[in-house]
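Please read the points below with the sequence and the model side by side. They are meant as a guide for looking, one topic at a time.

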Amino acid sequence: QVELVESGGGLVQPGGSLRLSCAASGSIFRINPMAWYRQSPGKERELVATIWSGGSTSYADSVKGRFTISRDIAKNTVYLQMNSLKPEDTAVYYCNLQITTTSLRALAVWGQGTLVTVSS
């Protein structure tokens with residue numbers, strides 16, 4: 001009924017940048033909020049950034065000033081621009097969308113995850 005497709009991960013050197021995308025498709029009425037999480041080996045999944053329908057955003061302290069979450073409502077897509085990347089940003093990044101379907105079902109949908117590796 002609803003599908004998420006993530007893209008944009010990869011290998012980058014410290015100080016570099018990457019942009020992640022997460023596109024939703026299907027029977028979507030509304031998406032609010034949209035968020036990015038990440039999980040490093042041996043650690044719990046942590047919330048990285050959130051964007052709400054009004055455009056307000058919030059960030060984990062560890063990424064403030066370096067990461068920017070944004071969205072394209074018409075494309076049902078959320079982005080995560082990651083700058084000044086550090087080795088400790090290495091993780092699998094997941095998008096999470098709170099979706100209301102056209103039949104007014106409330107779904108919490110996860111992307112498949114995309115690996116970001118920051119290494120020289």
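Which residue in strand 10 is the bridge partner of Leu 97?

1. The model is a predicted one, and in it the bridge partner of Leu 97 in strand 10 is Val 109. This pair belongs to a wider arrangement, for strand 9 and strand 10 are paired in the antiparallel sense over five bridges. The two strands form a hairpin with four residues between them, and in the turn Leu 104 has a positive phi of about 65 degrees.

2. Strand 10, which covers residues 106–110, has side chains that alternate along its length. Leu 107 and Val 109 point to one face and are buried, whereas Ala 106, Ala 108 and Trp 110 point to the other face and are not buried.

3. The largest nonpolar core holds 31 residues, and those with the most contacts inside it are Trp 36, Val 78, Leu 80, Met 82, Tyr 93 and Leu 97. Strand 9, residues 91–101, supplies the largest share of this core, namely five residues. If neighbours within four places in sequence are left aside, Tyr 93 is in contact with a list of residues that includes Leu 20, Trp 36, Phe 67, Leu 80 and Met 82.

4. Please also look at the open sheet of four strands, whose order is 1-3-8-7 and whose pairing is antiparallel. Strand 1 (2–7) and strand 7 (67–72) stand at its edges and have a single partner strand each, so one side of each is left without a neighbour in the sheet. From one strand to the next, the twist averages 15 degrees.

5. Within that sheet, strand 7 is joined by six bridges to strand 8 (residues 77–82), and the two run antiparallel. As an example, Thr 68 has Gln 81 in strand 8 as its bridge partner.

Notes:
Residues are numbered from 1 along each chain as its sequence is written. This is a predicted model: local features need pLDDT of at least 70, side-chain atom pairs count only at pLDDT 80 or more; totals for chains, interfaces and linings use all residues. Side-chain values use heavy atoms; hydrogens and water are left out. A nonpolar core is a set of buried Ala, Val, Leu, Ile, Met, Phe, Trp, Tyr and Cys residues joined through side-chain atoms within 4.5 Å. Buried means under 20% relative accessible area, exposed over 50%, partly exposed in between (1.4 Å probe, protein chains only). Contact means heavy atoms within 4.5 Å. Two strands pair if DSSP finds at least two bridges between them. Axes are lines fitted to C-alpha atoms, for helices over the stretch in contact, and angles run from 0 to 180 degrees between N-to-C directions.
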